[in-house]
Amino acid sequence: MAIQSAVEFFKNLPPKLCSNCQQEVNEMHDCYTHKCEKCEAEENK
Ligand SMILES: [Zn+2]
């Protein structure tokens, strides 16, 4: 029951936006970044 509630909670979260270009971020990797892959790549140059 508790696990189901958690799933519902995450479903209802708004999409994460890139802090740099405001594009929706694919949450493939986790919260260590708030940037999209493109901006992250730029930063890691
Ligand atoms: Zn970006």
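A residue is classed as buried if 20 or more other C-beta atoms lie within 10 Å of its own, as exposed if 12 or fewer do, and as partly exposed in between. In the predicted model described here, Lys 16 has 16 C-beta neighbours inside 10 Å and therefore counts as partly exposed. Across the chain, which has 45 residues, 4% count as buried. The secondary structure amounts to 2 helices and 0 strands.

The residues examined below belong to the segment that links the helices. Lys 16 is placed in the loop between H1 and H2. Its separation from His 34 is 18 residues in sequence, while the C-alpha to C-alpha distance between Lys 16 and His 34 is 7.5 Å. Lys 16 also pairs with Lys 35 in this analysis: the two are 19 residues apart in sequence and lie 8.9 Å apart in space, C-alpha to C-alpha.

Lys 35 is itself located in the loop that runs between helix H1 (2-11) and helix H2 (37-43). Because 18 other C-beta atoms are found within 10 Å of Lys 35, this residue is partly exposed. When neighbours within four places in sequence are left aside, the contacts of Lys 35 are Cys 18, Ser 19, Asn 20, Glu 40 and Glu 43. Of these contacts, Glu 40 and Glu 43 fall within the range given for helix H2 (37-43).

Cys 21 likewise occupies the loop between H1 and H2. With 12 C-beta neighbours inside 10 Å, Cys 21 counts as exposed, since the exposed class takes in residues with 12 or fewer. Not counting residues up to four places away in sequence, Cys 21 touches Cys 36 and Cys 39. A further spatial relation connects Cys 21 with Lys 38: 17 residues separate the pair in sequence, and 9.4 Å separate them in space, C-alpha to C-alpha.

Gln 22 is also situated in the loop between H1 and H2. The backbone of Gln 22 shows a positive phi of about 70 degrees, although the residue is not a glycine. Gln 22 is exposed, because 9 other C-beta atoms lie within 10 Å.

Taken by exposure, Lys 16 and Lys 35 are partly exposed, whereas Cys 21 and Gln 22 are exposed.

Conventions. Residues numbered from 1 in each chain as written. Predicted model: local features only at pLDDT ≥ 70, side-chain atom pairs only at ≥ 80, totals over all residues. Helix = DSSP H or I, 4+ residues; strand = E, 2+ residues; numbered from the N terminus. Contact = placed C-beta atoms within 7 Å.
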